[in-house]
Amino acid sequence: MTSTPSTRVTIKDVAARAGVSKGAVSLAFNHKPGLSEATRDRIFRAARELGWAPNLTARSLAGSRVDVVGLTVCRPARMLGLEPFYMEFVSGVESVLIEHSCSLLLRLVNSVEEEAGLLESWWKARQIGGSILVDFRADDPRVAVAGRLGLPVVAVGHPSLTGGLTSVWTDDATAVTEAVRYLAALGHRRIARVGGAAALGHTAIRTAAFDTAARELGLAGASQVATDFSGAAGARATRSLLTAAPRDRPTAIVYDNDIMAVAGLSVATEMGLRVPADVSLLAWDDSQLCRLTHPTLSAMSHDVHGFGAEVARTLFGAIMGGAHGSHPVPTPVLTPRGSTAPPKV
């Protein structure tokens with residue numbers, strides 16, 4: 001059956017197309033338990049084909065949760081717009097939200113305390129049905145707030161940081177170790193890391209893993225610099241590292257995101273250094289930026305879009321009562337390209 005401009009599609013039409021009852025359609029769109037994933041997917045597919053969506057206003061007046069998922073990010077607006085990770089991550093989240101006729105309420109905040117207060121006001125005002133929490137810190141106040149409110153959340157972070165909340169994470173320690181071992185296997189002994197904000201939990205995990213790997217490999221010349229993830233900070237850190245005395249200057253640098261790696265490549269070129277002949281560079285996340293540079297950037301590749309989609313699926317499981325518990329997503333893997341090579345003898 002197809003709709004025409006003069007035909008108003010109803011929940012009955014969706015049920016007929018999917019081969020289910022109207023009650024099953026209501027369960028699917030209210031994110032309630034009682035349906036298999038296959039049935040739920042069939043209902044959403046039928047609704048998309050017919051161009052039907054539930055009347056959110058009526059549902060809100062009836063006391064249902066508003067079909068909105070919250071996401072707050074403690075980053076400057078300008079920086080967020082330039083950060084490929086969050087653009088890909090939000091794209092992945094949206095790819096799942098659209099299947100559930102949900103919207104994303106995105107808000108930038110200045111502190112994690114402000115975010116904790118915002119979560120409480122959103123939940124009490126029935127503005128959101130659940131929330132995605134990112135960028136965890138030690139003793140993060142959002143853990144207690146979410147638990148006290150009974151707010152369905154998914155924490156994007158290692159379980160050691162998320163206080164028992166349902167969480168989805170990447171194994172950053174294993175990925176950092178692989179990066180250091182790869183560069184050491186090429187023959188590099190002076191390896192530097194340009195990391196993210198020191199207060200962030202995943203930065204601390206990467207920092208500890210880098211130190212451990214360097215110590216185990218006997219890399220006495222290993223060093224690390226903390227930044228704010230921006231290209232400007234990445235450029236400053238790279239310039240500082242590459243202006244050191246020759247015996248202290250790193251022959252390889254690992255970056256915590258790809259925008260800093262691109263900035264680092266520009267600095268190396270500015271200083272007359274050849275990549276990878278004079279210095280090898282290794283990025284993180286592997287967005288399109290890494291394939292647009294010359295040379296192309298080696299990277300720890302990570303399906304960030306898929307990460308966002310899995311986080312959203314896990315959140316809907318939490319909203320519906322337990323499906324999709326805490327679990328890791330695939331660990332970033334090394335993708336060698338033109339920016340890494342053995343050091344000059």
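In strand β2, the bridge partner of Gly70 is Leu105, and this pair is a convenient place to enter the structure. The model is a predicted one, in which local features need pLDDT of at least 70 and side-chain atom pairs count only at pLDDT 80 or more, while totals for chains, interfaces and linings use all residues. Residues are numbered from 1 along each chain as its sequence is written, and side-chain values use heavy atoms, with hydrogens and water left out.

The chain has 14 helices and 12 strands, where helices (H or I, at least four residues) and strands (E, at least two) are DSSP runs numbered from the N terminus. Its C-alpha trace spans about 75 × 45 × 35 Å along the principal axes, and its accessible surface, computed by the Shrake-Rupley method with a 1.4 Å probe, comes to about 15100 Å², of which 56% belongs to carbon and sulfur atoms. Of the 345 residues, 52% are buried; buried stands for under 20% relative accessible area, exposed for over 50% and partly exposed for values in between, with a 1.4 Å probe and protein chains only. Contact is taken as heavy atoms within 4.5 Å, and among contacts between residues at least 6 apart in sequence, 71% join residues at least 24 apart.

The strand that holds Gly70 is β1, which spans residues 68–73, and it pairs with β2 in the parallel sense over six bridges, two strands being paired if DSSP finds at least two bridges between them. β1 is also joined to β3 by three bridges, again in parallel, and here the partner of Leu71 is Ile132. Strands of a sheet pair through backbone hydrogen bonds, either parallel or antiparallel. From β3, which covers residues 130–133, three further bridges lead to β4 in the parallel sense, with Ser131 matched to Val153 of β4.

These pairings belong to an open sheet of six strands, in the order β2-β1-β3-β4-β5-β11, with parallel pairing. β2 (103–108) and β11 (327–328) stand at the edges, and each has a single partner strand, so one side of each is left without a neighbour in the sheet. Helix α6 packs on the sheet, touching β1, β2, β3 and β4, and its direction makes about 150 degrees with that of β2; such angles run from 0 to 180 degrees between N-to-C directions, and axes are lines fitted to C-alpha atoms, for helices over the stretch in contact. Helix α14 lies across β1, β3, β4, β5 (167–169) and β11, and runs at about 150 degrees to β4.

How is β1 placed with respect to the rest of the structure? Six of the six residues of β1 are buried, so the strand is largely enclosed by the rest of the structure. In a regular strand the side chains alternate between the two faces of the sheet. Both faces of β1 are covered, with Val68, Gly70 and Thr72 buried on one side and Val69, Leu71 and Val73 buried on the other.

The interior can also be followed through its nonpolar cores, each a set of buried Ala, Val, Leu, Ile, Met, Phe, Trp, Tyr and Cys residues joined through side-chain atoms within 4.5 Å. The largest has 28 residues, and those with the most contacts inside it are Phe89, Ile132, Val134, Phe307 and Val311. At least two residues of this core come from each of β1, α6 (84–97), β4 (153–156) and α14 (304–320), and α14 gives the most, with nine residues. Leaving aside its neighbours within four places in sequence, Phe307 is in contact with Phe85, Phe89, Val156, Val168, Trp169, Thr170, His302 and Val329. A second, separate core of 23 residues includes Val194, Leu265, Leu273 and Val275.

A further group of helices comes earlier in the numbering. The axes of α1 (residues 11–18) and α2 come within 8 Å and cross at roughly 100 degrees, which makes α1 roughly perpendicular to α2, a label for angles of 65 to 115 degrees, whereas angles under 35 count as roughly parallel, over 145 as roughly antiparallel and the rest as oblique. Helix α2 (residues 22–29) packs in turn against α3 at an angle of about 95 degrees, with the axes 10 Å apart, so that α2 is roughly perpendicular to α3. This contact is made by Ala24, Val25, Leu27, Ala28 and Phe29 of α2 and Arg40, Ile43, Phe44 and Ala47 of α3.

Trp52, in the loop between α3 (37–50) and α4 (56–61), is buried, with a relative accessible area of 15%. Apart from neighbours within four places in sequence, Trp52 is in contact with Val9, Thr10, Ile11, Val14, Val25, Phe29 and Ala47.
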